[in-house]
Amino acid sequence: MPCKGGYRENIEESKVRYEEDKKYRESAEHKHWLWLVDQVHKTETGFAGLSHPNKLYFSANLVSGEVYNGGFEQYFFNSSGSYYHYAVEGLREIGAIETLQLLLSASRLLFSDGQVPSDTAQRRLLISSQSDENTNEALGLLDQIFYKDPDGFSELMARFAKAHSLHSDF
């Protein structure tokens, strides 16, 4: 019986989540993101062909997506880490200072000198050489702080996009 087991409540929550997801998929923000991914991965000019504000927006969003998906180690391990320098600039530009500090701390943990190579293979080698229990524990703590969203990341990104008219064509 749906009501006795609390299933009705779960069904109603699922309907609300579905409607929110549908609304997001139809939003200019989401369409812009899909366009950015296509530009970077499916055009001849790739990332280099983006405007500077789009480069910053894309790179900062990669940090958010990767860290929420698998933590700072995943961000640096995957190709997203190749955009690290733009992500640093982007986080600074949008005003995500706490998030920036977390990213910089993670880079110092994984790359002893804090210099993050653009080359994915080189980053992976350095990460594997730095990986130990203490590093993993420290990264886990940084991840936990990140998950609390100390800067209100989405709101900052929305303001940045609006200030640079990034969603106006979508």
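Let's start at the largest pocket of this predicted model, which is lined by Tyr24, Glu29, Trp33, Tyr57, Asn61, Leu62, Ser64, Gly65, Phe153, Ser154, Met157 and Ala158. The space inside this pocket comes to about 270 Å³. Helices α2, α3 and α8 each supply at least two residues of the lining, and α3 gives the most, with 5 residues. As background, rolling a probe the size of a water molecule over the atoms shows where empty space is left.

From the pocket we can step along α8. Its buried residues are Phe153, Leu156, Met157, Phe160 and Ala161. These residues sit on the same side of α8, because they cover an arc of only 135 degrees around the axis. That buried side packs against α3 and α4. If you turn α8 around in your viewer, the face pointing away from the buried side shows you the exposed residues Ser154, Arg159, Lys162 and Ala163. Just after α8, serine 165 takes a positive phi of about 50 degrees.

Leucine 156 is worth a pause while you are in helix α8. Its relative accessibility is 10%, so leucine 156 counts as buried. Which residues does leucine 156 touch, not counting those up to four places away in sequence? They are Ile94, Gly95, Ala96 and Asp151. Isoleucine 145 lies 11 residues from leucine 156 along the chain, and the C-alpha atoms of the two are separated by 17 Å.

Now for the core. In soluble globular proteins, nonpolar side chains tend to be buried together. Here, the largest nonpolar core has 39 residues, and Phe72, Tyr75, Phe76 and Leu103 are those with the most contacts inside it. Helices α2 (28-42), α3, α4 (84-94), α5, α7 (133-147) and α8 (153-163) each supply at least two residues of this core. The largest share comes from α3, which contributes 10 residues.

Tyrosine 75 makes a good guide to this part of the model. Leaving aside neighbours within four places in sequence, tyrosine 75 is in contact with Leu62, Val63, Glu66, Val67, Ser80, Gly81, Tyr83, Tyr84, Ala87 and Leu103. Leu62 in that list also helps to line the largest pocket, while Leu103 is one of the core residues with the most contacts.

Over in helix α2 you will find histidine 32. Histidine 32 counts as buried because its relative accessibility is 0%. Beyond its neighbours within four places in sequence, histidine 32 is in contact with Asn54, Tyr57, Leu166, His167 and Phe170. Tyr57 should look familiar, as it is among the residues lining the largest pocket.

Our last stop is α6, spanning residues 120-130, where Thr120, Arg123 and Ile127 are buried. Why do these residues lie on the same side of α6? They cover an arc of only 60 degrees around the axis, and that puts them there. Their cover includes α3 (52-77) and α5 (97-110). On the other side of α6, you can see Leu125 and Ser129 exposed. At the start of α6, look for aspartate 119: one of its side-chain oxygens reaches to within 3.4 Å of the backbone nitrogen of alanine 121.

Note on methods
Residues numbered from 1 in each chain as written. Predicted model: local features only at pLDDT ≥ 70, side-chain atom pairs only at ≥ 80, totals over all residues. Heavy atoms only, no water. Buried < 20%, exposed > 50% of the residue type's maximum accessible area, 1.4 Å probe, protein only. Helix = DSSP H or I, 4+ residues; strand = E, 2+ residues; numbered from the N terminus. Arc of directions from axis to C-beta. Contact = heavy atoms within 4.5 Å. Polar contact = N/O pair within 3.5 Å; in protein donor to acceptor, adjacent residues only side chain to side chain. Core = buried A, V, L, I, M, F, W, Y, C linked by side-chain atoms within 4.5 Å. 1 Å grid on protein atoms, 1.4 Å probe; cavity = no way out; pocket = protein on both sides within 12 Å on 5 of 7 lines; lining within 4 Å. Points joined across faces, edges and corners; volume = space filled by probe spheres on them.
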